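Here are some short exercises to work through with the structure on your screen. Try each task yourself, then follow the solution step by step.

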Amino acid sequence: MSPTTAPTAPAPGATGSESATDVLIVGGGLGGVAAALAVCRAGRRAVLTEETDWIGGQLTAQAVPPDEHPWVEQFGTTASYRELRENIRAYYRTWYPLRAEALGLTDLNPGAGRVSKLCHEPRVALAVLEGMLAPHRAAGRLTVLTGHRPVAAESDGDSVRAVTLAGPDGRPHTVTAPYVLDATETGELLALAGVEHALGAEARAEFDEPHAPDTAQPDNQQGITVCFALSHHEGEDHTIDRPADYGFWRSYRPDFWPGPLLGFNAPDPRTLEPVVRTFEPNPATDPLAVAADQSADAGDKELWGFRRILARGMHRPGAFDSDITLVNWPLNDYWLKPLVGTEAAPAQEAIDGARRLSLSVLYWLQTEAPRPDGGTGFPGLRPRPDVTGTPDGLAKSAYVREARRIKAVTTVTEHDVAIDLVGPYGGTRYDDSVGVGGYRIDLHPSTAGDNYIDIGSVPFEIPLGALLPRRVRNLLPAGKNIGTTHITNGCYRLHPVEWNIGEVAGALAAHCLTEGVAPHEVREKDGRLTDFTRSLDRAGVQRHWPDVRGY
């Protein structure tokens, strides 16, 4: 979080303020932004809150370029998500000195990273997202409160009536709304409002999932990562001060790891076999020759190019003296303490630990990492605070892979999506589908000591029932907190899926206000479900897949 805008706890006795809106959206990540757009496009008023000073979540404050399925350029997303992607490309075409060959590409990948067909800088995504929201703010339909986090929720029976926020000035602000959307990164409102939810890993007996543990493990959560951006300048020395706990991280070797965590030898997520990664800053290869296709090659064996977000060779000669890469690698996944829901290990302890690990990774890269020429250390690696918007070049927020999840009307389990269980063309088809997604079931090492769980999956649908809490009537999840399990969250947590979920949650809230019905009624009555899904179709929300094979 940016220290200049961090919300502070309300001062005892501080005078608060109040406001009212049609839809309150707590959390300004991708799901929250998509929800705000859907609400405002329907002519309704929304308040969107965000804990940092950057909206965009995964894509901006967490600095993670999009993880997407291989068909993303043709189909498999909502129209508004495609608009976001094309606006990002347009930004580069308009403002960056792209070479002619790159400028003419309809499928421009600005960073030429291998993780995604659209790797880009977080600030560019921020500018685009702000631009998409701008007309609704100007029209008075949308209020954006950055530097605000939820601290309390007031319920009346099975409805959430109001949410109190803490802002940068320490004064509480309470917002009332007939519909409240939880788009926070960790499902904070579920806890504050007493909404029934799951956390961590469910017991195998609950859903008979092959990869679930024998007993429930609430503290078994995927590791978090504090990402950071780097460029490389040969002959210069940008070495940071040695971190205080560098000695611990330098010697730390997890039981399930083939060597020290600070090293280039790490498990292949899909096979768990040891694989030595390579690292060569600013390779001479033409970035236009890079192909990003997760179904054919995970792309994670060559670290510099894996999540590269600016490729100097994509631009006219001399425009940039270095690429910029984003460090979100096996080396800086943090799993020693869970982020969510334990009094014994408060969230800030996990965040602080993850930050210290990432600084130790940076120092190791600058001083001890093996070089292709046989030497050690890359002192020319320069952290890029200008890219991340922070003083130290670390992302504003930790990359959060797993949140609290509602106890939903419909829970998506491994039996709905795992390719080994349903076959490459199988998977559950839902009458109430409100979107689609596609990605492998990708679980990173966890706080319970699990190694990667990386399972082939099929292109999947998002059932409306997964967005409906079993009891609460007017709170809707708008991100990673829908009705999945610890296992299936691994494929439902990615950028385009979070956007789809948020967009549908916002559209559903606006639809219910207009039609005078409740969300559960929309699903339970055929005519009402048809009316709602037709509105999604008109908005360009793809709800079913063509005949494509899982991977």
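## Exercise 1: Two helices that cross

In this predicted model, helix α2 (residues 79-95) packs against helix α14 (residues 495-515) at an angle of about 130 degrees, and their axes are 9 Å apart. Work out whether α2 is parallel, perpendicular or oblique to α14, then find the handedness of the crossing and the residues that make the contact.

**Solution.**
- Step 1: Angles over 145 degrees count as roughly antiparallel, and 65 to 115 as roughly perpendicular. An angle of about 130 degrees therefore makes α2 oblique to α14.
- Step 2: α2 and α14 cross in a right-handed way.
- Step 3: From α2, the contact uses Ser80, Tyr81 and Leu84, while α14 brings His495, Pro496, Trp499 and Glu503.
- Step 4: Sorted by class, the contact of α2 with α14 has four nonpolar, two polar and one charged residues.

## Exercise 2: Another helix pair

Now turn to helix α1 (residues 30-41) and helix α4 (residues 122-138), and describe how they pack.

**Solution.**
- Step 1: The angle between α1 and α4 is about 30 degrees, and their axes lie 10 Å apart.
- Step 2: Angles under 35 degrees count as roughly parallel, so α1 is roughly parallel to α4.
- Step 3: The crossing of α1 past α4 is left-handed.
- Step 4: Leu30, Val33, Ala36, Leu37, Cys40 and Arg41 of α1 meet Leu129, Met132, Leu133 and His136 of α4.
- Step 5: Those contact residues divide into eight nonpolar, one polar and one charged.

## Exercise 3: Inside the cores

Which members of the largest nonpolar core touch the most other members, and what does isoleucine 25 touch?

**Solution.**
- Step 1: The largest nonpolar core has 96 residues, and those touching the most other members are Ile25, Leu84, Ile88, Leu181, Tyr492, Trp499 and Phe532.
- Step 2: Leaving aside residues up to four places away in sequence, isoleucine 25 touches Gly32, Ala35, Ala36, Ala46, Val47, Leu48, Thr49, Leu181 and Ala183.
- Step 3: There is also a second, separate core of 41 residues, which includes Trp257, Phe306, Ala350 and Val400.

## Exercise 4: A glycine in a loop

Is glycine 449 buried, partly exposed or exposed, and where does it sit?

**Solution.**
- Step 1: Find glycine 449 in the loop between β20 (441-443) and β21 (453-455).
- Step 2: Buried means under 20% and exposed means over 50%; glycine 449 has 40% relative accessibility, so it counts as partly exposed.
- Step 3: From C-alpha to C-alpha, glycine 449 is 17 Å from arginine 270, although the two are 179 residues apart in sequence.

Terms used:
Residues numbered from 1 in each chain as written. Predicted model: local features only at pLDDT ≥ 70, side-chain atom pairs only at ≥ 80, totals over all residues. Heavy atoms only, no water. Axes fitted to C-alpha atoms, helices over the stretch in contact; angles between N-to-C directions. Helix = DSSP H or I, 4+ residues; strand = E, 2+ residues; numbered from the N terminus. Left-handed = near helix turned anticlockwise from the far one by under 90°. Contact = heavy atoms within 4.5 Å. Nonpolar A, V, L, I, M, F, W, Y, C, P; charged D, E, K, R; others polar. Core = buried A, V, L, I, M, F, W, Y, C linked by side-chain atoms within 4.5 Å. Buried < 20%, exposed > 50% of the residue type's maximum accessible area, 1.4 Å probe, protein only.
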